Amino acid sequence: MTVGFASAIVGFVTESVGFTLSRRDVLQTLLVNSSYDNRIAPNYEEDRATNVTLKLSVISIDSINEISMDFSLNLFLYQTWVDPRLNFTKHSNFSSLELDQKMIENVWVPDTYFPNEKQATFHTVTVNNKLLHIYQNGTVFYSIRLSMTLTCTMKLHNFPLDDQECIIFMESYAYSIENVVFHWDEKKPVIMMNADKTDEQETPQFYFYNPIETGSCEKTTSFGPNNEFACLQAKLFFRRNIGYYLAQIFVPSILIVILSWISFWIHVDAVPARISLGVLCVLTMTTQSSGIRNSLPRVSYIKAIDVWMSMGLVFVFAALLEYAYINVQTRRHVKYTSMKVQSRQSEKGPMLPSNGIPESWRDVDFLQRARQVDKISRIAFPASFLVFNIVFWTYYLMQRHALD
């Protein structure tokens, strides 16, 4: 009663005499000498919702992690609303009041939080990075700087030719839509501070392939009759830069497959050389594939990189099997020649089944067959690998650009 009476006297004197209070006196009048209660929403007593306008200014997107399926970013969160209790038009002609860090706690602010936040920190160097301005008509502008790690459910079917959609959710924690309603800023709801001239920002592995989409989302809970809360979302569209994977995975694996084809030009009798080359290529492909799997989450579906590495291993292993067949034919040739020489030495005439030589071997030149298989492989393996590349890149690049 006394506080309200004193505030009324101050307002009456200010209006009558035209006296302008100092900023300190205005803050004292609004926050201390009045019935202002920072525990109550601005329009709570009027039984209507307070409209809060939100805006994001993204300073940087630091990382996007496939293993933990999250992304980290540094941003400013801007919130604006009207609190009629803080209207000081009658007390002063100042356009705005800038509150000190210690006084911000005396003003009601929305209980905004990020539902998909895994970890977040406030910036406190050299002071708490918070800002609050109060304007003449009671409009309040509140800004805070945050570093956050948010969950992002990724679909890695097309990895590393994949696109990802990560969402920033913002919701009122305790106030239902009957008390607090969120709206995006109409002009520019999300700003990329370090973007280039095309308003795009890149990370080492990703870039934006579509503009950021903003909208509302409905969040409900399982308690109470009024279980709907104000919720906004900003959807970020990321496309993975393939340059790193071309240099570190695709090109090396292509060279390993091509290296395995060298055995087709090595003489069929060079057993150590051809075996060593084939085994070396198989082990290299297996090691490379294992290293890639360790840098990705264990998902139940097949990824594009799995298809690529598996087919590379198939081609390398097939080249090794090709020489196994060649070796069998070579040994048959040696055995056939040896049996033929023994038959002639025994002076038993022409070769007969009783000489121990199978009938199916009589008219077969095993060495020529082995050389013929090598000649066919020199063409069949590169042609097959080329066809696989055409199918692989066409399919996944079409899926990649279908979202543009």
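User: In this predicted model, in which helix does Ala319 lie?

Analyst: The model is a prediction. Within it, the residue Ala319 belongs to helix 5.

User: Is Ala319 buried or exposed?

Analyst: A residue is called buried when its relative accessible area is under 20%. For Ala319 the relative accessibility is 3%, so this residue counts as buried.

User: Which residues is Ala319 in contact with, leaving aside its neighbours within four places in sequence?

Analyst: Ala319 and Ser377 are 58 residues apart along the chain, and their C-alpha atoms are separated by 8.4 Å. Contact, however, is judged by heavy atoms within 4.5 Å. With sequence neighbours within four places set aside, the contacts of Ala319 are Ser260, Phe264 and Phe381.

User: How many helices and strands does the chain have?

Analyst: Ala319 lies in helix 5, which is one element of the secondary structure. For the chain, the secondary structure comes to 6 helices and 14 strands.

User: What share of contacts between residues at least 6 apart in sequence joins residues at least 24 apart?

Analyst: The chain has 404 residues, of which 41% count as buried. Its exposed area is about 22600 Å², with carbon and sulfur atoms supplying 57% of it. Among contacts between residues at least 6 apart in sequence, the share joining residues at least 24 apart is 78%.

User: How far apart are the end C-alpha atoms of helix 3, and why does this agree with its 18 residues?

Analyst: Helix 3 covers residues 243–260. At 1.5 Å a residue, its 18 residues should span 26 Å, and the distance found between its end C-alpha atoms agrees with this. That distance is 25 Å.

User: At which residue of helix 3 does a kink lie?

Analyst: Helix 3 has several buried residues, among them Tyr245, Ile249, Phe250 and Ser253. The kink is of about 30° and comes shortly before the proline Pro252. The residue at which it lies is Phe250.

User: How far does helix 4 reach from its first C-alpha to its last?

Analyst: Helix 4 has 24 residues, for which 34 Å is expected at 1.5 Å a residue. Its buried residues include Leu277, Cys281, Met285 and Ile292. The reach from first C-alpha to last is close to the expected value, at 35 Å.

User: Is the ring pair of Phe392 and Tyr396 stacked, edge-to-face or tilted?

Analyst: The count of aromatic pairs comes to 27. In the pair of Phe392 and Tyr396, the ring centres are 4.9 Å apart and the planes stand at 50°. Planes under 30 degrees apart would count as stacked and those over 60 as edge-to-face. The pair of Phe392 and Tyr396 is therefore tilted.

User: Why are Phe392 and Tyr396 separated by about one helical turn?

Analyst: Both Phe392 and Tyr396 are buried, and ring pairs link them into a cluster that also includes Phe250, Trp308 and Phe388. Their separation of about one helical turn arises because, in helix 6 (residues 366–401), they are 4 residues apart.

User: Over which ring does the charged end of Arg239 sit?

Analyst: The charged end of Arg23 sits over the ring of Phe94, at 4.0 Å from its centre. For Arg239, the charged end lies 4.4 Å from the centre of the ring beneath it, which is that of Tyr209.

User: Is Lys303 buried or exposed?

Analyst: Lys303 is located in the loop between helix 4 and helix 5. Beyond its neighbours within four places in sequence, it is in contact with Leu156, His157, Phe159 and Leu296. Its relative accessibility is 7%, so Lys303 counts as buried.

User: What is the omega of the cis peptide bond from Phe159 to Pro160?

Analyst: Most peptide bonds are trans. The bond from Val125 to Thr126 is cis, with omega near -5°, and Thr126 is in the loop between strand 5 and strand 6. Pro160 is in the loop between strand 7 and strand 8. For the cis bond from Phe159 to Pro160, omega is near 5°.

User: What phi does Asp47 have?

Analyst: Most residues other than glycine have a negative phi. Asp47 is placed in the loop between helix 2 and strand 1, and it is exposed, with a relative accessible area of 69%. Although Asp47 is not a glycine, its phi is positive, at about 60°.

Methods
Residues are numbered from 1 along each chain as its sequence is written. This is a predicted model: local features need pLDDT of at least 70, side-chain atom pairs count only at pLDDT 80 or more; totals for chains, interfaces and linings use all residues. Side-chain values use heavy atoms; hydrogens and water are left out. Helices (H or I, at least four residues) and strands (E, at least two) are DSSP runs, numbered from the N terminus. The expected span of a helix is 1.5 Å times one less than its number of residues. The bend at a residue is the angle between axes fitted to the seven residues ending there and the seven starting there. Buried means under 20% relative accessible area, exposed over 50%, partly exposed in between (1.4 Å probe, protein chains only). Rings of Phe, Tyr and Trp (its six-membered ring) pair if their centres lie within 6.5 Å; planes under 30 degrees apart count as stacked, over 60 as edge-to-face and the rest as tilted. A charge sits over a ring if NZ of Lys or CZ of Arg is within 6 Å of the ring centre and within 35 degrees of the ring normal. Accessible areas come from the Shrake-Rupley method with a 1.4 Å probe; for residues, only the protein chains shown count as cover.
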